[in-house]
Amino acid sequence: MLIKKKIPRKQWGLCLVILFLAASILFTIFLFTDDSRKFHSFSKELFSSELSGDTLSLHYTLAYPEKYGFSSKAALPAYQAATPKDSAYIQSLLDRLSDISPERLSESDACTYELLVRYLTLQLSGIPFSYYAEPLSPSSGMQSSLPILLADYTFRSEQDVEDYLHLLDQTDTYFEQLISFEKEKAGQGLFMSDSAAAKIVEQCNSIMDTDLLSSKSHFLHTTFEERLNKLAETKDITEEQKAHWISENDRLLTTVMAPAYENLGDAFLVLSGSGQNPEGLAHYPMGQEYYEYLLASSTGSDRTIPEIKQMLFEDFQQNYTALATLVHMYPELAAISIQQVPELPFDSPEQMLMDLQNRMKEDFPPFPHTDKSFSPVCTVKNVSGAMEPYTSPAYYLTPPIDDLKNNIIYINQKNQPDSLSLYTTLAHEGYPGHLYQTVYSQLYLNAQKASPLRSILHYGGYVEGWALYVENLSYYYTQAIAADQPLKAAWYEACRLNRNLQLCMYSLLDIAIHYEGAGPEQVRRILQKAGITSKETAAAIFQYIVEEPANYLKYYLGFLEFQTLKEQAKDLWGTDYSDRRFHQFILETGPSDFRTLKNKMYAAAQDVILSAKAGYFLTSSSIMLSK
């Protein structure tokens, strides 16, 4: 028989309070987890949709895409101008995000949310300018980028080889889409200048060199066979498979890819003369508005153009004054010729990278990895001779986010860099530059289980600004190497200041040409005052800036933004500031726009202040209670 006990009124009250608290906790948990689930679902869906149908981007983003649910057939991306549907699509993404409360997300997800809202909002504002974009620019267009990406397309499995060959087989269709886009640009009066078009034609004729193709010595022949050899060595493929694929690669290069380049060159010959503006964006309708958008999207800075100009002017004056003071202290600097440039004591790029890693240890944190011995492998290669005229002095190939071990830096030997240039270039591309930043940030984000969506949000100002920031630091490393030779150390500092002056001046010219409408003669006079008297050099500088709007600012404004953040960190953190702590903060935040970096830095400082106050309050309370 059950005996019923009467619960006292006080206990009923206590039970109700407990039930209320439990319900409140459960409700709060539901709210937080519901928003978290929504955001995870949203980010996974967007990540998948952005990379599906673009095997090239997918392959360079993920080493093992099947683990992320990708299984579609290999394809090059479709290229076309934006339409009202694209605007509606982006707006629908923003609407979905507005239903999610960032306050109810984890710190990592909240950061991704903030970045994504700004990223999509900026993309939406750029829709009206889709015909102003130039996918085939002479210096960085897909006609020169595609062969580079194909040559380093990693073969980890048989499927990778099959996918690669499928991509080769689609080159003609891909270029036809680009040609259609360029024809539409021409119809809008936005086609490139004749001189730029002539460069594209020349590239199409030389990149797929017929003699190299017929002798099977083209770099797309040799690199393909090298990658197959590695698979054959590990017994992942048979010799029969290897022979079959080599034959198929030969066929596709000569019957698909070479004709695709020939067709592209012919199309640009026909379109030559349709360009209506050989100068900057300012001379196009809405050109200034597009430049403002381009500047924001490529640099990640939300400063106005007058603010940027003021920032650049002040920096130029500081560097100029510093250089003049240095030359006054060491008048011998003015007499040093190129042939007398002091060499650094290194015999190879590998030795330079090792020295850089040793010198950066004090001010940069080690890689965040459970395996303390983790160290990425870095291979330094030379750019293929066929590509030397069309590639930058050096570049770093970003590894997939799920396989960060193997990294490649390419050096362009076209101008045979001296030891100082090579050392500082390796700092820019390797340590503590692109390689170190990329691997560190991604390891940290992976450990935080951050959405892989972060990896496809591109922030050129962060990436290139960081690389230029640490490149500047590497000049100080060279001065430490030459500590017992004051004149040599002074030369290295003069080189650093001179490089910054050049990049700053080119950034100012970028604004003058694309926003203020400066023409070639005006630019020539400006350069003449800066000591560049050659008309050919001035014309080449003008033409490059016309063809690559906002490119110099991506580097130099990004660098100045980091310098500004550093000074703000010193003010905020006071005696707790160290370069190591600042660098760790930047690296752990990961690629971002500069407003996000600033907001996170101030929020972190505020948390420290609140924690300190809370500690003081608790200490004071315990003292009072103990009395």
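Two strands count as paired here if DSSP finds at least two bridges between them. With that in hand, let us walk through this predicted model, starting at its sheet. Three strands make up an open sheet with mixed pairing, and their order is S1-S3-S2. Strand S1 (377–382) and S2 are the edge strands, each pairing on one side only. Ignoring direction, neighbouring strands of this sheet are turned by 20° against each other on average.

Now look at how the pairings are built. S1 and S3 pair in the parallel sense, over six bridges. Strand S3 (residues 406–411) runs antiparallel to S2, and four bridges join the two. A good place to pause is Ile-411 of S3, which is the bridge partner of Asn-382 and also the bridge partner of Ala-394.

Stay with S2 for a moment. In a regular strand the side chains alternate between the two faces of the sheet. Along strand S2 (residues 394–397), Ala-394 and Tyr-396 point one way, while Tyr-395 and Leu-397 point the other way. Residues on both sides of S2 are buried.

From the sheet, we can move on to a pair of helices. Two packed helices are described by the angle between their axes and the distance between the axes. For helix H12 (residues 287–299) and helix H21 (residues 551–573), the axes come within 9 Å and cross at roughly 55°. That angle is why H12 is oblique to H21. The crossing of H12 past H21 is right-handed. H12 brings Tyr-291, Leu-295, Ser-298 and Thr-299 to the contact, and H21 brings Leu-553, Lys-554 and Leu-557. Sorted by class, the contact of H12 with H21 has four nonpolar residues, two polar and one charged.

Note on methods: Residues are numbered from 1 along each chain as its sequence is written. This is a predicted model: local features need pLDDT of at least 70, side-chain atom pairs count only at pLDDT 80 or more; totals for chains, interfaces and linings use all residues. Side-chain values use heavy atoms; hydrogens and water are left out. Buried means under 20% relative accessible area, exposed over 50%, partly exposed in between (1.4 Å probe, protein chains only). Axes are lines fitted to C-alpha atoms, for helices over the stretch in contact, and angles run from 0 to 180 degrees between N-to-C directions. Angles under 35 degrees count as roughly parallel, over 145 as roughly antiparallel, 65 to 115 as roughly perpendicular and the rest as oblique. A crossing is left-handed if the near helix is turned anticlockwise from the far one by less than a right angle, and right-handed if clockwise. Contact means heavy atoms within 4.5 Å. Ala, Val, Leu, Ile, Met, Phe, Trp, Tyr, Cys and Pro count as nonpolar, Asp, Glu, Lys and Arg as charged, and the others, Gly among them, as polar.
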